[in-house]
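Work through the following exercises with the sequence and the model side by side, and attempt each task before reading its solution.

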Amino acid sequence: MYKKSKDLTEIIRKVDSLSPEEQLSLISYVIGRLKMCEIKKKPSRDWKDLEGIAPNLLEGMDAQEYVTRMRRGEFPELEIQQKKLSN
């Protein structure tokens, strides 16, 4: 859910005080305005776009081996960098 702005909260309060006919008129107005707008869908990402984003991260090592070695603490320089980033 999104956080409502003060303006939107005020508009909703005012809409609630309108008669049903006035609310329908307002809906028609808003729909007419929206029909004039070009609403673009957010483009979906293709996993292939991420290819090469972090080259040489594993330095040719198998991903499972890398994770196993990382859990054993065999890459202390990475742990130091991670601690600096989290501070």
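## Salt bridges and their surroundings

Glu 10 is partly exposed, with a relative accessible area of 31%, where partly exposed lies between buried (under 20%) and exposed (over 50%), judged with a 1.4 Å probe and protein chains only. The model is predicted, so that local features need pLDDT of at least 70 and side-chain atom pairs count only at pLDDT 80 or more, while totals for chains, interfaces and linings use all residues. Residues are numbered from 1 along each chain as its sequence is written, and side-chain values use heavy atoms, with hydrogens and water left out.

**Exercise 1.** Determine which residue forms a salt bridge with Glu 10.

*Solution.* Apply the criterion, a side-chain nitrogen of Lys or Arg within 4 Å of a carboxyl oxygen of Asp or Glu. Arg 13 meets this criterion with Glu 10, their closest N and O atoms being 2.5 Å apart. Next, place the pair: they are three residues apart in helix α1 (residues 6–16), and therefore separated by about one helical turn; helices here are DSSP runs of H or I of at least four residues, numbered from the N terminus. The general rule is that an α-helix has 3.6 residues a turn, so residues three or four places apart point the same way.

**Exercise 2.** Trace the network of salt bridges that includes Arg 69.

*Solution.* Begin with Glu 65, whose closest approach to Arg 69 between N and O atoms is 3.8 Å; both residues lie in helix α3, four residues apart, about one turn of the helix. Then turn to Glu 74, which forms a salt bridge with Arg 69 at 2.7 Å between the closest N and O atoms. Adding Arg 72 completes the network of Glu 65, Arg 69, Arg 72 and Glu 74. Finally, check accessibility: Arg 69 is partly exposed at 25%, as are Glu 65 at 40% and Glu 74 at 34%. The whole structure holds five salt bridges.

**Exercise 3.** Describe what happens at the start of helix α3 and just after this helix.

*Solution.* At the start of α3 (residues 63–72), a side-chain oxygen of Asp 62 comes to within 3.1 Å of the backbone nitrogen of Gln 64. Just after α3, Gly 73 adopts a positive phi of about 85°.

**Exercise 4.** State the secondary-structure content of the protein and how much of the protein is buried.

*Solution.* Counting elements gives four helices and zero strands, in the order α-α-α-α along the sequence. Of the 87 residues, 3% are buried.

Methods: Helices (H or I, at least four residues) and strands (E, at least two) are DSSP runs, numbered from the N terminus. A polar contact is a pair of N or O atoms within 3.5 Å; within protein, one must be able to donate a hydrogen and the other to accept it, and residues adjacent in sequence count only if both atoms are side-chain atoms.
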